[in-house]
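Trainee: Got a minute to go through this one with me? I'd like to start with how charged side chains pair up.

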Amino acid sequence: MAIIFEEDSREFHIYNGEISYIIQILENQTLGNLYFGKRIQHKCDFGYLLQGGHRPLAVYNKINEYFLSPQYTKLEFPTYGTGDFRYPMISVTQKNGSKITNFEYDSHDIFKGKKKLLGLPATYVESEDEATTLEIVMVDPVLSLKCILSYTIFEWCPAITRSILVENHGNEEVVIDRLLSASVDLPDSNYELITLSGAWARERHVKRRKIEQGIQGVYSMRGTSSSEHNPFLAIARKETTEMQGEVYGFSLVYSGNHLEQVEVDTHDMTRISIGIHPDTFEWALSPEESFQTPEAVLVYSDSGLNKMSQIYHKLYRTRLVRGVWREKERPILINNWEVTEMNFTEDHILRMATIAKELGVELFVLDDGWFGNRNDDKTSLGDWYVQNFNKLPNNISGLSKKIEKIGLKFGIWIEPEMVNMDSDLYRLHPDWIISVPNRMPSPSRNQYILDFTRSEVVDYIFELLDGVFTEANVSYVKWDMNRYMTECYSASAVPRDQGKVFHKYVLGVYDLYERLISKHPSILFESCSSGGARFDPGILFYAPQTWTSDNTDAIERLKIQYGTSFVYPLSSMGAHISRSPNLQMGRTTPIETRGNVAIFGAFGFELDLSLLNTSEIEIIRDQIKKVKQHRKLIINGTFYRLESPFTDDRASWIVVSEDRTKALAGYYQILKMSNGYYKRLALQGLDPKKQYSVNGNSDRCFYGDELMYVGLLFDEKDLCESGGDFTSELFYFEQIES
Ligand code: GLA
């Protein structure tokens with residue numbers, strides 16, 4: 001068992017080969033946080049790590065001769081209002097108006113394996129030996145409110161998951177105002193904060209800044225995890241780089257409003273808090289009811305940012321993503337959106353599909369515009385059936401059959417959570433949208449959000465989509481979500497339950513996903529939200545891949561994919577070749593570079609291949625071959641970021657197979673340097689003692705140590721189009737017998 005409980009010191013030591021996490025039950029029955037970091041030898045008593053003691057202005061929790069000043073103590077389950085003046089994990093309003101709670105240790109349980117979180121996405125185990133779980137039961141005796149704090153440590157990676165289940169065993173209703181998933185107090189503040197922040201079309205840019213006394217952090221109150229801030233933060237030592245140094249990662253398995261916050265107090269302690277955003281959350285809990293928080297995943301690395309990311313990649317790729325597509329090679333797809341938008345004809349689609357098939361594409365995705373009378377974005381969301389027979393004379397099933405006859409699988413775009421006022425659905429059920437009585441709901445892209453807190457709404461959409469998926473033999477679904485939530489209110493909820501709407505909406509989305517994937521287990525779901533506005537671990541539990549960004553410009557994608565890779569595996573990033581000049585940026589890039597960026601993801605096209613010239617067609621044919629050759633490596637390999645597009649005029653990365661026999665590196669020259677340096681790319685992850693051939697050339701072989709410690713030397717003319725702005729090259733390494 002990787003969790004020890006010491007009866008005498010009343011300490012829990014949660015550990016594996018790489019990390020230790022130590023909690024102590026204090027004399028006043030609250031919990032202290034003694035340590036989180038690199039694995040340390042077990043001892044019976046680590047009590048000295050608590051620190052604390054008298055200071056001017058200290059407030060004490062006093063029991064007989066025992067004094068504790070919560071404000072100066074590293075706490076494991078900080079509560080509101082009893083002397084810890086930092087932000088708490090929990091705050092509960094009671095019938096008498098008080099918000100004060102006092103949770104005391106009651107009992108604990110240590111067991112092999114990991115429980116499921118009811119109705120919520122979470123990491124899982126396939127065998128009980130993979131993980132050990134500790135549940136600590138904390139009870140507020142006045143309220144009979146029970147909090148079960150859950151910690152799971154995986155045997156094979158330095159990650160701990162945390163969540164809380166609250167049960168009301170009292171006889172009065174309470175209102176939970178704040179309940180985070182994890183809070184960790186670290187003993188110093190010599191860290192920098194790293195977040196993945198941005199906006200539409202420049203999602204998950206890496207931001208790094210020093211932390212100071214006070215509050216710093218990121219959040220979403222937009223109803224989804226958002227393009228602006230990903231539900232993740234890391235704190236790293238100032239000297240931490242991609243390959244060296246300490247970093248702690250905190251990631252939330254959730255798709256709604258979230259908060260990730262770092263608080264440095266007066267004495268340099270650092271509190272990290274992560275969970276559902278409390279400002280848009282209020283949960284009335286009646287007697288006998290319970291509430292489950294989402295899961296937070298804590299990762300520690302003492303070997304830099306790459307290692308932190310690799311832990312998240314492997315954990316999320318193998319123990320968060322589920323179903324038949326988990327480790328399966330993803331089909332090469334072509335999507336018509338950037339080619340036709342909503343103005344397509346069946347003939348045009350079939351022409352695109354025919355040439356795509358000839359070049360080796362495997363799946364055609366019909367994007368927005370196939371349903372209702374959808375010729376622009378003012379109409380028809382909600383009507384998931386064909387009305388416009390000018391566009392699709394043989395219905396969606398007729399087109400699907402023709403696509404299959406060409407030899408491609410068929411996929412469609414949907415946006416199930418949305419409705420236009422100009423739709424049959426809205427005319428039938430105007431009260432089904434999220435909106436406040438007697439006030440105008442604010443439109444966004446002419447659309448409104450369906451009230452997924454209501455089971456009848458989810459049922460209705462399920463029936464329609466189940467019908468389409470079956471009728472059109474759909475094998476892939478792009479599930480979009482193109483607006484943020486405003487006027488958050490449900491017509492079906494009583495006033496006391498309006499604070500639940502944001503969260504219940506997310507549960508409704510998860511429910512629809514769960515029902516559709518159970519009914520159609522072979523469909524590959526790709527999540528999308530105006531590109532990457534809902535790229536989070538919660539969604540990965542249902543949809544193994546996400547459309548990374550609406551920005552398909554290869555150079556912008558370097559930053560977006562680089563940042564996204566801090567937490568998310570390559571297999572989860574939809575990455576397509578689109579036209580040049582690029583639709584979003586107007587930038588002209590070589591087709592090779594567009595391919596060399598997109599190959600490091602779930603690869604596809606947003607391009608009418610019939611418009612390419614002969615030499616471009618040959619390049620595409622070759623790229624598709626390369627994708628087929630390398631996609632297993634890309635999905636299952638270990639990814640290293642080498643050079644950052646945020647700090648250099650170039651970027652590079654490499655993915656290495658687990659057995660280190662194969663590797664694929666991408667090098668990208670953003671802007672050419674006048675009279676530039678010699679080029680030398682220092683690789684990572686190879687076997688130092690083995691020889692590798694470069695791009696299948698048996699005359700160009702190097703030992704792994706040369707490639708990593710000296711670097712691969714190459715010339716600008718090795719880049720596509722012989723170098724210049726936006727040029728690039730792929731290098732494939734294969735181990736050879738020496
Ligand atoms: C969103 C998506 C795009 C496309 C359009 C269709 O913006 O991100 O890829 O599907 O919707 O309306």
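Mentor: Sure, definition up front: a salt bridge is a side-chain nitrogen of Lys or Arg within 4 Å of a carboxyl oxygen of Asp or Glu. Keep in mind that this is a predicted model, where local features need pLDDT of at least 70 and side-chain atom pairs count only at pLDDT 80 or more, while totals for chains, interfaces and linings use all residues. Residues are numbered from 1 along each chain as its sequence is written, and side-chain values use heavy atoms, with hydrogens and water left out.

Trainee: Okay, which residues are linked in a network of salt bridges?

Mentor: Asp84, Arg86, Asp185, Asp265 and Arg271 are. Within that network, Asp84 and Arg271 pair through their side chains at 2.8 Å, N to O. Asp84 sits in the loop between strand 6 (66-68) and strand 7 (90-93) and Arg271 in strand 19 (residues 270-276), so the pair ties together parts that are 187 residues apart in sequence. Helices (H or I, at least four residues) and strands (E, at least two) are DSSP runs numbered from the N terminus.

Trainee: Is aspartate 84 buried or exposed?

Mentor: Aspartate 84 counts as buried, at 5% relative accessibility, and arginine 271 is buried too, at 0%. The cut-offs: buried is under 20% relative accessible area, exposed is over 50%, and partly exposed is in between (1.4 Å probe, protein chains only).

Trainee: How many salt bridges does the count come to?

Mentor: The count is 51 salt bridges. One of them joins arginine 237 to aspartate 188, with the closest N and O atoms 2.7 Å apart. Arginine 237 is in strand 16 (residues 232-237), and aspartate 188 is in the loop between strand 12 (174-186) and strand 13 (191-199), 49 residues away. Arginine 237 is buried at 15%, whereas aspartate 188 is partly exposed at 22%.

Trainee: And what does glutamate 362 form a salt bridge with?

Mentor: Arginine 631, at 2.9 Å between the closest N and O atoms. Glutamate 362 lies in the loop between helix 3 (346-359) and strand 24 (363-366) and arginine 631 in helix 11 (residues 614-636), so this one bridges parts 269 residues apart in sequence. Here glutamate 362 is partly exposed at 23%, and arginine 631 is buried at 13%.

Trainee: Switching topic: which residues come nearest to the ligand?

Mentor: Of the 13 residues around the ligand, Asp367, Asp368, Arg445, Lys478 and Asp550 come nearest. Near means that a residue has a heavy atom within 4 Å of the molecule. The shell divides into 4 nonpolar, 3 polar and 6 charged residues. In that split, Ala, Val, Leu, Ile, Met, Phe, Trp, Tyr, Cys and Pro count as nonpolar, Asp, Glu, Lys and Arg as charged, and the others, Gly among them, as polar.

Trainee: What lies 2.7 Å from an oxygen atom of the ligand?

Mentor: An N or O atom in the side chain of aspartate 367. Aspartate 480 also has a side-chain N or O atom 2.9 Å from a ligand oxygen, and a backbone N or O atom of glycine 531 is 3.0 Å from one. A polar contact is a pair of N or O atoms within 3.5 Å; within protein, one must be able to donate a hydrogen and the other to accept it, and residues adjacent in sequence count only if both atoms are side-chain atoms.
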